[in-house]
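Me: I am new to this structure and would like to learn about the empty spaces in it. Could you walk me through them?

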Amino acid sequence: MPLPADAPVVLRIAGVSKRFGALLANDRVSLELRRGEIVALLGENGAGKTTLMNVLFGHYVADEGVVEAFGRPLPPGQPRAALTAGVAMVHQHFTLADDLTVLENIVLGAAPLWRAGYGRTTARARIVALGERFGLEVAPDARAGDLGLGERQRAEILKALYRDARVLILDEPTAVLTPAEAEALFRSLRLAVAEGLSIVFISHKLGEVMAVADRVVVLRQGRVAGSMVTTATDRQALARMMVGAEIAPTVASETPAGPVLIELEAAHAEDRGRTPGLRGVDLVMHGGRITGLAGVSGNGQAALAAIVAGLATPCAGRLLIDGTPVGAGWSPHAAMAAGIARIPEDRQRTGSIADMNVAENAVLEAYGGRRFSRAGWMNRRAAEAFAAELIAAYDVRGGEPRTRAGQLSGGNLQKLILGRALAPAPRVILALQPTRGLDVGAVAYVHARLLEARARGAAVLLISEDLDEIQALADVIHVISAGRLSPALPRGTAVAALGGWMAGHGFGADADAA
């Protein structure tokens, strides 16, 4: 339904500029959101989206410009002011306390938990009513740690609605959802905006933006590059506006399979708490092929990757390298010696050390070698020369060898990690969520590099929750669910079929006993 022309403006950002030293992160950015509207905020990594949201919520104070909610200026530098004004944000990484119930998480901060009863009956009734009203049903007395990812997302949105939020900002809301869960979320959002809720939808998935947003605002290099009605544009035009150039689609041509480099035979790994391990996994990886592993996060991907990377060994079954079973000495050092490289899933927590500089991060995994150390001391000249090579070869922008890694944008940090992994020309590449949270330009760059590695004969294991990415790159596809691995599926398998495997269908009624 078209938005009424006289719908009132509920959020207004006018002429906001924010500098960090010589870096102009936001340059006179203006944006308006109307009642009952969904506006998508797009932009490359480092385009200024996060800075703008931090200005809105008072985490940063703008150098210029104002932010207004419902016609009133928000006091700068006061995060509580946005919440009090009815503006809420659901972050990409959920913030629920696992040991509390859904009800306790939702009322936390809205009522003192130590007060006898703290209105439990009233709170429960309101949560149930909100869930039914917006299609966000979740059991109030369920323990948050026992919820599925889709349920956790619904609980986060209910927490905002419980506080009478009238403007909701969603940061990459479908990053960990199956296609069916994402579509259910979109239905809930449409119900909410029909009742007057206004939404800023931050996403790198252009298909989702086209499906759910009324308007799109694109940031490029800190400035508004354009704003348009969604029905008047297409994915290609948005991608071009984001990066300022045409982006060629990723094309993985058919190639013959090379020799088998990695095999898992009936591999089992123990569960870790509520996170499943592996249940009798058989996997074969050929040189010159990309094996896609699809699945919702937390279904055994980490256990599988840990075994291949030398961080763990199967508790049953075995891992073979070039047809030879690995022994008790299997370790990360042994894996690297065997030509196995890893692109970690979390570039901040496990892929880099923010307080170390780019050069130090570039040689983290090769520090023990003679090239970068002497008698335990770093050869800084060699490390900085290597970092400069990576910066040039992998288009790492915004940093020099002595720049702190924490100052790089997400996309540029990912390029640094990618270069670190690929520079030694490894035989096997573990690519765990290699483009998560990256803009369309950075995604295309990472894809091109993985295809180059495939072309020179490397075996690539692409572990991703992005089905478009899996379908674009993988020669063969497996789906993992609750530690079980599907049969090999051909490239071009329909999204609906992959989604069914991700939800656990197809493994058989007795699969849990496997």
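Reply: Happy to! This is a predicted model, and the count comes to 1 cavity of 30 Å³ or more.

Me: What makes the largest cavity, with its volume of about 40 Å³, part of that count?

Reply: The cut-off is 30 Å³ or more. The largest cavity has a volume of about 40 Å³, so it is counted as a cavity where a 1.4 Å probe fits but cannot get out.

Me: Which residues line the largest cavity?

Reply: They are Phe 134, Leu 136, Ile 157, Leu 161, Ser 188, Leu 189, Ala 192 and Leu 197. Two elements give two or more residues to this lining: helix H5 (149-162) and helix H6 (179-194). The largest share, 3 residues, comes from H6.

Me: Why is Ser 188 called polar, and Phe 134 nonpolar?

Reply: Phe is on the list of nonpolar residues, while Ser is on neither the nonpolar nor the charged list, so Ser counts as polar. The lining of the largest cavity divides into 7 nonpolar, 1 polar and no charged residues.

Me: What makes the second largest pocket a pocket and not a cavity?

Reply: A cavity is a set of points the probe cannot get out of, whereas a pocket is an open set; the second largest pocket is therefore open. Its volume is about 1,300 Å³.

Me: Which residues lie nearest the centre of the second largest pocket?

Reply: Of its 43 lining residues, those are Lys 205, Leu 206, Arg 235, Asp 466 and Asp 468. Among the helices that each supply at least two lining residues are H6, helix H7 (206-212) and helix H8 (235-243). This lining divides into 19 nonpolar, 12 polar and 12 charged residues.

Definitions and conventions:
Residues numbered from 1 in each chain as written. Predicted model: local features only at pLDDT ≥ 70, side-chain atom pairs only at ≥ 80, totals over all residues. Heavy atoms only, no water. 1 Å grid on protein atoms, 1.4 Å probe; cavity = no way out; pocket = protein on both sides within 12 Å on 5 of 7 lines; lining within 4 Å. Points joined across faces, edges and corners; volume = space filled by probe spheres on them. Helix = DSSP H or I, 4+ residues; strand = E, 2+ residues; numbered from the N terminus.
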